[in-house]
Amino acid sequence: MNEAIKNRYEFVILFDVENGNPNGDPDAGNMPRIDPESGLGLVTDVCLKRKIRNYIETVKEDAEGYKIYIKEDVPLNRSDREACEALGVMDTEDKKLTESLKKLKKGDPDADLKLKDYMCRNFYDIRTFGAVMTTFVKASLNCGQVRGPVQIGFARSIDPILSQEVTITRVAITTEKDAENKTTEMGRKSIVPYGLYRAEGYVSANLARKVTGFTEDVLELLWEAILNMFEHDHSAARGKMAVRELIVFKHSKELGDCPAYKLFDSVRVEKKEGVLYPRKYQDYTVTIDEACVPDSVEMKRMV
């Protein structure tokens with residue numbers, strides 16, 4: 001297995017949405033998430049990680065070392081059992097499996113480490129984002145919670161967004177009775193006419209070395225996934241979404257050269273003069289104050 005990364009990273013993602021709902025809020029009728037005080041739009045970290053997972057699953061198709069742990073309609077304990085089987089624990093019933101894992105721990109003090117290594121080695125998203133593995137938590141194993149080296153915060157729009165409800169009609173009919181009555185159905189669709197969002201993230205070389213074995217080739221795949229996370233995820237609900245820029249800061253050492261906030265503050269996104277209601281990416285200017293970036297930190301703009 002390749003060596004873990006040796007440099008700390010921070011990164012800024014700029015993405016936009018046009019006539020779509022980037023992240024619906026189930027507590028508000030699935031309308032776009034909004035900060036009620038500022039009116040700025042929000043997209044959760046969970047939503048962004050889902051897009052990255054989906055891209056990895058699409059391009060790698062469960063290749064060895066690139067499986068996805070958190071998948072739709074796939075029980076987590078099914079994946080957990082793969083690691084158990086690798087260590088000779090073949091039980092399938094949850095209660096028996098828990099007891100067998102406890103016995104395994106008593107007989108093999110390194111069982112925690114072996115299980116963790118198996119899961120990190122085989123599942124890309126555990127190696128990247130970490131995971132809570134319930135099967136191992138129930139068995140009181142230390143490997144039940146793995147802290148990943150990559151963390152992404154909530155995305156927030158640069159300017160307040162307008163959440164707009166559009167009335168739509170359904171002309172397709174279900175029954176003969178509907179055909180006789182010539183009835184159609186009405187519905188509503190929530191959209192954001194335009195919004196430019198900014199998300200910030202971190203890559204810890206320390207956790208990569210100590211915990212998951214996150215390597216340079218896995219990191220390159222992460223950048224690729226971020227840049228393309230909306231390209232294979234288009235739908236009627238999300239409209240036109242695209243990553244416009246990925247700005248990466250590479251420190252010269254494992255623990256970094258300066259606080260992350262200084263690097264984030266150096267990236268400034270502002271509306272162009274005379275633009276009242278932004279409706280495209282070109283209505284903004286993105287500048288980086290290189291005076292705020294130490295000489296030992298390498299900055300790269302990826303589009």
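**Exercises on helix packing and nonpolar cores**

**Exercise 1.** In this predicted model, helix 1 and helix 9 pack with their axes 9 Å apart, at an angle of about 110°. State how the two helices are oriented to each other, and sort the residues of their contact into nonpolar, polar and charged.

*Solution.*
Step 1. Angles of 65 to 115 degrees count as roughly perpendicular.
Step 2. The angle here is about 110°, and helix 1 and helix 9 are therefore roughly perpendicular to each other.
Step 3. Helix 1 brings Ile 52, Tyr 55, Ile 56 and Lys 60 to the contact, and helix 9 brings Leu 221, Leu 222, Glu 224, Ala 225 and Ile 226.
Step 4. Sorting these residues gives seven nonpolar, no polar and two charged.

**Exercise 2.** Find which residues of the largest nonpolar core touch the most other members, and which element gives this core its largest share.

*Solution.*
Step 1. The core has 43 residues, and Phe 11, Phe 15 and Trp 223 touch the most other members.
Step 2. Elements giving two or more residues to this core include strand 1 (9–20), helix 1 (45–60), strand 10 (185–203) and helix 9 (216–227).
Step 3. Helix 9 supplies the largest share, eight residues.
Step 4. Beyond its neighbours within four places in sequence, Trp 223 is in contact with Tyr 9, Phe 11, Val 203, Leu 246, Val 248 and Met 302.
Step 5. A second, separate core has 21 residues, among them Ala 83, Ala 111, Leu 115 and Met 133.

**Exercise 3.** Give the share of residues in the protein chain that count as buried, and the share of its accessible surface that belongs to carbon and sulfur atoms.

*Solution.*
Step 1. Of the 303 residues, 47% count as buried.
Step 2. The accessible surface is about 16,100 Å², and carbon and sulfur atoms hold 48% of that surface.

Notes:
Residues numbered from 1 in each chain as written. Predicted model: local features only at pLDDT ≥ 70, side-chain atom pairs only at ≥ 80, totals over all residues. Heavy atoms only, no water. Core = buried A, V, L, I, M, F, W, Y, C linked by side-chain atoms within 4.5 Å. Buried < 20%, exposed > 50% of the residue type's maximum accessible area, 1.4 Å probe, protein only. Helix = DSSP H or I, 4+ residues; strand = E, 2+ residues; numbered from the N terminus. Contact = heavy atoms within 4.5 Å. Axes fitted to C-alpha atoms, helices over the stretch in contact; angles between N-to-C directions. Parallel < 35°, antiparallel > 145°, perpendicular 65-115°, else oblique. Nonpolar A, V, L, I, M, F, W, Y, C, P; charged D, E, K, R; others polar. Areas by Shrake-Rupley, 256 points an atom, 1.4 Å probe, with all protein chains shown as cover.
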